[in-house]
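Dear colleague,

I am passing on the structure we spoke about, with the sequence alongside. Please look it over first, and then read the notes that follow.

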Amino acid sequence: MNKFEVDTTIFPHVIVDDFLSIDDYNTLVQLGKDTSDKLDVARAKILLNDTHIVDTTKYLPILESYMKELKPENLKKEYYLDILMLVTTSDYNQVVHCDSESKLLSCAVYLYPENNYGTFLGPEGECDYQIPWKTNRAFIFCRGDDTWHTYKAKENELPRCSVNLTLKEVR
């Protein structure tokens with residue numbers, strides 16, 4: 001893995017381009033497109049934990065290395081890798097939020113389309129700083145009381161699809 005820099009704009013996070021392997025990226029894009037063709041709600045959540053679509057053994061040590069830099073004390077906790085695909089229709093707006101306390105590290109990987117909104121960050125819920133959208137870009141951070149963020153889909157565009165790899169605390 002390449003050396004990375006922690007960006008402390010708004011709150012500490014890492015941005016990684018070309019995060020997924022080409023094969024995993026292509027497989028997930030196809031799954032997302034197959035799902036979006038049948039989408040009849042504003043947001044679909046597809047749990048991928050038990051599907052073996054993504055090899056968790058490949059990504060777990062990578063995510064742990066980011067957690068070691070962002071919040072090393074989280075490594076002392078018992079956790080597991082949760083994988084969820086999110087497909088949203090145009091005009092979808094997620095409520096500004098901080099992740100639940102069980103999320104030790106969040107990694108959102110943008111899948112498609114080529115052009116959309118990324119993730120918006122901001123203090124106390126005023127999220128106007130954008131992590132730009134780029135396919136196969138990962139936005140990675142560890143949850144904190146100040147990690148306000150949101151996402152939305154561009155109006156009149158193709159569905160927005162991302163996959164979230166989350167290190168969740170065993171409770």
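**Aromatic rings**

In this predicted model, Phe11, Phe139 and Phe141 are joined into a cluster by ring pairs, and the aromatic pairs come to 7 in total. Two lysines also meet aromatic rings: the charged end of Lys33 sits over the ring of Tyr112, at 5.5 Å from its centre, while the charged end of Lys152 sits over the ring of Tyr117, at 4.9 Å from its centre.

**The two helices**

Helix 1 covers residues 22-36, and because each of its 15 residues should add 1.5 Å, a span of 21 Å is expected, which agrees with the 21 Å between its end C-alpha atoms. Its buried residues are Asp24, Tyr25, Leu28, Val29, Gly32, Thr35 and Ser36. Seen down the axis of helix 1, these buried residues fall within an arc of 130°, so they line one face of the helix. An α-helix has 3.6 residues a turn, so residues three or four places apart point the same way. On the other side of helix 1, Ile22 and Asp23 are exposed, whereas the buried residues pack against strand 2 (43-47), helix 2 (56-70), strand 3 (79-88), strand 4 (103-112) and strand 9 (160-169).

For helix 2, the 15 residues should again span 21 Å at 1.5 Å a residue, and the end C-alpha atoms are 20 Å apart, which agrees. Here Tyr59, Leu63, Tyr66, Met67 and Leu70 are buried, and they cover an arc of only 100° around the axis, which puts them on the same side of helix 2. Thr57 and Lys68, on the other side of helix 2, are exposed. The buried residues of helix 2 are covered by elements that include strand 1, helix 1, strand 3, strand 4, strand 7 and strand 9.

**The nonpolar cores**

Which residues touch the most other members of the largest nonpolar core? Among its 35 residues, they are Phe19, Leu105, Leu111 and Ile140. At least two residues of this core come from each of strand 1 (14-16), helix 1, strand 2, helix 2, strand 3, strand 4, strand 7 (138-141) and strand 9, and strand 4 gives the most, with 6 residues. Apart from this core lies another, of 7 residues, including Leu121, Ile131, Trp133 and Phe141.

Leaving aside neighbours within four places in sequence, Phe19 is in contact with Tyr59, Ile62, Leu63, Tyr66, Cys107, Val109, Asn136, Ala138 and Ile140.

With best wishes

Note on methods:
Residues numbered from 1 in each chain as written. Predicted model: local features only at pLDDT ≥ 70, side-chain atom pairs only at ≥ 80, totals over all residues. Heavy atoms only, no water. Helix = DSSP H or I, 4+ residues; strand = E, 2+ residues; numbered from the N terminus. Expected span 1.5 Å × (residues − 1). Buried < 20%, exposed > 50% of the residue type's maximum accessible area, 1.4 Å probe, protein only. Arc of directions from axis to C-beta. Contact = heavy atoms within 4.5 Å. Phe/Tyr/Trp six-rings, centres within 6.5 Å; stacked < 30°, edge-to-face > 60°. Lys NZ or Arg CZ within 6 Å of the ring centre and 35° of its normal. Core = buried A, V, L, I, M, F, W, Y, C linked by side-chain atoms within 4.5 Å.
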